[in-house]
Amino acid sequence: MSKVGLQAAAELIGCFILGTFIQSAQRNGAYSLTVLPFACWAVYMTFWRISNSHFNPAVTLVQILRKDYEFSPVEGVLYMVAQFLGFLLSNLAVWWFYRNLDILNIWEFQGDEQYIEATIMEIVG
């Protein structure tokens with residue numbers, strides 16, 4: 001695997017872990033909110049040396065636009081796609097594990113719009 005591929009994979013995995021922690025904390029309440037900062041720190045420190053831990057398309061866009069930082073637009077787009085997929089997969093995972101098990105009809109809309117809102121806000125942010 002190439003260096004850029006490894007970096008994009010680190011972004012995808014990091015975004016998946018962060019998204020899962022954040023959404024689980026929203027659903028579980030105060031106890032999870034006390035663990036969340038440490039989880040975020042651990043994820044950032046784990047992937048810092050591999051991909052500089054962007055984990056946010058806005059941060060990646062700023063790195064592309066900076067003149068004093070060597071970060072190609074192709075790398076940036078690859079990072080953003082990996083970040084989007086990581087957060088999308090975390091949305092699907094949290095939805096899957098927190099869904100109502102009595103309702104097996106996944107085609108019918110059930111519950112609130114937290115997952116869709118979180119994904120849209122991550123794309124916009």
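**Exercise 1. The overall fold**

What percentage of the 125 residues in the protein chain do buried residues make up? Then describe the helices and strands of the chain.

*Solution.*
- Step 1. Keep in mind that the model is predicted.
- Step 2. Take burial. Buried residues account for 32% of the 125 residues in the protein chain.
- Step 3. Take the elements. The chain has five helices and zero strands. Read along the sequence, the pattern is α-α-α-α-α.
- Step 4. Take the contacts between residues at least 6 apart in sequence. Of these, 66% join residues at least 24 apart.

**Exercise 2. The nonpolar core**

Find which residues form the largest nonpolar core, and which helices each supply at least two of them.

*Solution.*
- Step 1. List the members. The largest nonpolar core has 10 residues: A10, C15, L18, A25, L36, C40, V43, F47, F55 and F87.
- Step 2. Assign them to helices. Helix 1, residues 3-28, supplies at least two residues of this core, and so does helix 2, residues 30-51.
- Step 3. Recall the general rule. In soluble globular proteins, nonpolar side chains tend to be buried together.
- Step 4. Look at one member, F47. Leaving out residues up to four places away in sequence, F47 touches A10, I13, G14, I17, N52, S53 and F55.

**Exercise 3. Helix 1 and helix 4**

Check the span of each helix against the expected value. Then describe how helix 1 and helix 4 cross.

*Solution.*
- Step 1. Start with helix 1. It has 26 residues and runs 37 Å from first C-alpha to last, close to the 38 Å expected at 1.5 Å a residue.
- Step 2. Do the same for helix 4, residues 73-98. Helix 4 also has 26 residues and reaches 37 Å, close to the expected 38 Å.
- Step 3. Mark the buried positions. In helix 1 they are Q7, A8, A10, E11, G14, C15, L18, G19, Q23, S24 and A25. In helix 4 they are E75, G76, Y79, A82, Q83, G86, F87, S90, N91, A93 and V94.
- Step 4. Recall what describes a packed pair. Two packed helices are described by the angle between their axes and the distance between the axes.
- Step 5. Apply it. The axes of helix 1 and helix 4 come within 7 Å and cross at roughly 35 degrees. The crossing is right-handed.
- Step 6. Sort the contact by class. The contact of helix 1 with helix 4 has 15 nonpolar, 10 polar and three charged residues.

**Exercise 4. Two serines**

Is S90 buried or exposed? Which residues does S90 touch, and how far apart in space are S24 and S90?

*Solution.*
- Step 1. Place S90. It lies in helix 4.
- Step 2. Use the cut-off. S90 has a relative accessible area of 0%, so it is buried, because buried means under 20%.
- Step 3. List its contacts. Without residues up to four places away in sequence, S90 touches C15, F16, G19, T20 and Q23.
- Step 4. Turn to S24. This serine is found in helix 1. At a relative accessible area of 16%, S24 is buried.
- Step 5. Give the distance. S24 and S90 are 66 residues apart in sequence and 10.0 Å apart in space, C-alpha to C-alpha.

**Exercise 5. The loop between helix 2 and helix 3**

What is the phi of N52, and what is the phi of S53? Classify the accessibility of N52 and of S53.

*Solution.*
- Step 1. Recall the background. Most residues other than glycine have a negative phi.
- Step 2. Read N52. It sits in the loop between helix 2 and helix 3. Its phi is positive, about 65 degrees, although N52 is not a glycine.
- Step 3. Read S53. It is found in the loop between helix 2 and helix 3. S53 has a positive phi of about 50 degrees, although it is not a glycine.
- Step 4. Classify. N52 counts as partly exposed, at 32% relative accessibility. S53 is buried, with a relative accessible area of 7%.

**Exercise 6. K3 and Q63**

Is K3 buried or exposed? Is Q63 buried or exposed?

*Solution.*
- Step 1. Place K3. It is in helix 1.
- Step 2. K3 has a relative accessible area of 65%, so it is exposed.
- Step 3. Relate K3 to S51. They are 48 residues apart in sequence and 9.4 Å apart in space, C-alpha to C-alpha.
- Step 4. Place Q63. It is found in helix 3, residues 57-65.
- Step 5. Q63 has a relative accessible area of 13%, so it is buried.
- Step 6. List its contacts. Leaving aside neighbours within four places in sequence, Q63 is in contact with H54, Y69 and F71.

How values were computed: Residues numbered from 1 in each chain as written. Predicted model: local features only at pLDDT ≥ 70, side-chain atom pairs only at ≥ 80, totals over all residues. Heavy atoms only, no water. Core = buried A, V, L, I, M, F, W, Y, C linked by side-chain atoms within 4.5 Å. Buried < 20%, exposed > 50% of the residue type's maximum accessible area, 1.4 Å probe, protein only. Helix = DSSP H or I, 4+ residues; strand = E, 2+ residues; numbered from the N terminus. Contact = heavy atoms within 4.5 Å. Expected span 1.5 Å × (residues − 1). Axes fitted to C-alpha atoms, helices over the stretch in contact; angles between N-to-C directions. Left-handed = near helix turned anticlockwise from the far one by under 90°. Nonpolar A, V, L, I, M, F, W, Y, C, P; charged D, E, K, R; others polar.
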